[in-house]
2 protein chains.
Amino acid sequence: MNPFTTDPAQSVAALGERRLIAHLRAWLGKATSPAPFGIGDDCAVLPASRSRHLLVTTDPVIYGRHFDDAISPAAAAEKLLKRNLSDIAAMGGVPRSAVVSLALPRRVSIAWIRGFYRALGRCAVRHGVTIAGGDIAESADMLGAFLTLLGEASGPRVLTRQGARAGDWLYVSGALGGSILGKHCRFTPRLAEGRWLASRREVRCLMDLSDGLAKDLLELTPAGLRPALTAAALPVSRAARTLASRDGRTALDHALSDGEDFELLFAIAGRTDRPAFERGWRTRFSTPLTCIGRFARTGESLGETLPLERYHGYEHLAGA
Amino acid sequence: MNPFTTDPAQSVAALGERRLIAHLRAWLGKATSPAPFGIGDDCAVLPASRSRHLLVTTDPVIYGRHFDDAISPAAAAEKLLKRNLSDIAAMGGVPRSAVVSLALPRRVSIAWIRGFYRALGRCAVRHGVTIAGGDIAESADMLGAFLTLLGEASGPRVLTRQGARAGDWLYVSGALGGSILGKHCRFTPRLAEGRWLASRREVRCLMDLSDGLAKDLLELTPAGLRPALTAAALPVSRAARTLASRDGRTALDHALSDGEDFELLFAIAGRTDRPAFERGWRTRFSTPLTCIGRFARTGESLGETLPLERYHGYEHLAGA
């Protein structure tokens, strides 16, 4: 759906700021904070956390960049919240509250913003998230929603990207590649899986895949190590195969290079009882889990492994 | 300073995302979080708060809206953080950590983004704020920085906009109007004053002035009451007088209607020993404090008061 209208009477400018905020609150429904600490004060006020690490992440959706006319306002809103939920999942955390800062051209239609906020509210309630506040700034042309999500650790441990060692096994959830065909809006953030991983001592490090496995894997790789992957082991999605049949690239290339998988990537200690670990996952989750290789020392041979340097993930700001 | 460059070699696109993030971290200097919980993981990780209410606020600066070519990147960065600090001040809170989400066209110059982040880092350190993380999203044309600031209550009490009663006295800090002549970037967020107000039982409610007194005052006014102001009492700024001499509007109109004062507006109980309260303020702060009137019941006469309905603050999204 195109977010803009040429009919001034149907635009957000026709509402004005005060009425728009009242509408946003109504559209968010049960996702808003209870009075007196709700939307509309200088700050959102949240209850003190239960002496656990606080997690904060921020990601936007921008029209023309993260969604377009082919995407419904509801799908754009879900993508906004779920991108941030996926970051909380990637630390093994529990999401709690969000604030949303809008950059809003005055010719955005009321129908679009209504669809967006209603879906945002529903998605927030479904994940136990309160939309605690926000800001609206008029912008000339750019339509964007910048969400900051707060969460807390699910236990004493927060899983970061640091901690992999030589011999650790590498795993991914789900299937990779071709997200642009639909998954980039319809994915399920792996929150329960992330919490479970944070409770398991054999898990060393964890992240979510947003820029493609070939690129994101570098973030987990400490100096002196290299990821040794087996091409045949990679869980290539059906969408990656569909794209490959259209554009002449291989499905493997799509699985390694496409962005917005929003799956979990993690390493577990090399001495782990892997069958027991995998059984533990499968008794809890229907999400596929795949061992894709392990971390080797630089120079150490583990037989034939994927030449990852030939693949490139999504490069922001690439090229001049 | 114009943020854009026509020389690709001098643009942020020439750096690419990874090097840009490394630069941002360096430019922020001591304002970044210590490893391993610093910039670059899926979420920023903050220590658990000391069982006090958590405060969250979000405000952007957008090129062409909140700053322009006449403003240095340093001044734009300070405005960004201080707008949010002013919101924490307006709840009587203490600022702690921030995340910054950038909407960044690739033709932004490295010189501009360096000036912006260096100043952001210095301003953050000065206020005890950690820049804990963020996001960079490429945008076609809009340059904007969306900051979310976390803080905590300075004590058991959080001052909201609710709580004014008939007979309460109204106060403002500083002088009002004409902010566009320079104060909109150079103001001092009233953090110490806000904390002190939150510790005083006679203070009923508190907010910061961002859209002009005439408009913002409505936010503090409960149903059944009206603010009864004395025109002669209003602290009119020199800048408001300068603007008035140029545009033919009155200085009073500017003091009531101009946005971005970033001063505190609050009400104290009608039975308060006002001289003692004002002495308490003046022994602590050099910031001017002015009693501008009181809350009356609707229909109740308090002599000649300002016809506030004739004045209008800054209207976002006004007009179709």
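**Exercise 1.** In this predicted model, find how many bridges join β7(B) to strand β9 of chain B, and place the pair in its sheet.

*Solution.*
Step 1. β7(B) and strand β9 (residues 264-268) of chain B are joined by five bridges and run antiparallel. Within this pair, B:D208 faces B:L264 of β9(B).
Step 2. The pair belongs to an open sheet of five strands in chain B, with the order β7-β9-β6-β10-β8 and antiparallel pairing. At the edges are β7 (203-208) and β8 (225-229) of chain B, each paired on one side only. From one strand to the next the twist averages 25°.
Step 3. Helix α6 (residues 213-220) of chain B lies across β7, β8 and β9 of that chain, at about 40° to β9(B).

**Exercise 2.** Determine which strands of chain A pair with β5(A), and whether the residues of β5(A) are buried or exposed.

*Solution.*
Step 1. Strand β2 (residues 54-62) of chain A runs antiparallel to β5(A), with nine bridges between them. A:L55 is opposite A:G151 of β5(A).
Step 2. Strand β3 (residues 93-104) of chain A also pairs with β5(A) in the antiparallel sense, over ten bridges. Here A:V99 is opposite A:T148 of β5(A).
Step 3. A residue counts as buried if 20 or more other C-beta atoms lie within 10 Å of its own. Ten of the ten residues of strand β5 (residues 144-153) of chain A are buried, so the strand is largely enclosed by the rest of the structure.

**Exercise 3.** Work out how chains A and B are related.

*Solution.*
Step 1. A turn of 180° and a shift of 0.0 Å along the axis lay chain B on chain A with an RMSD of 0.0 Å. The two copies are therefore related as by a two-fold rotation axis.
Step 2. Of the interface residues of chain B, 100% are also interface residues in chain A, so the copies meet through the same surface.

Key. Residues are numbered from 1 along each chain as its sequence is written. Chains are lettered from A and ligands numbered from 1 in the order in which they are written. This is a predicted model: local features need pLDDT of at least 70, side-chain atom pairs count only at pLDDT 80 or more; totals for chains, interfaces and linings use all residues. Copies are superposed by least squares on the C-alpha atoms of residues with pLDDT of at least 70 in both. Two residues are in contact if their C-beta atoms, placed from the backbone, lie within 7 Å. A residue is buried if 20 or more other C-beta atoms lie within 10 Å of its own, exposed if 12 or fewer, and partly exposed in between; C-beta atoms are placed from the backbone. Helices (H or I, at least four residues) and strands (E, at least two) are DSSP runs, numbered from the N terminus. Two strands pair if DSSP finds at least two bridges between them. Axes are lines fitted to C-alpha atoms, for helices over the stretch in contact, and angles run from 0 to 180 degrees between N-to-C directions.
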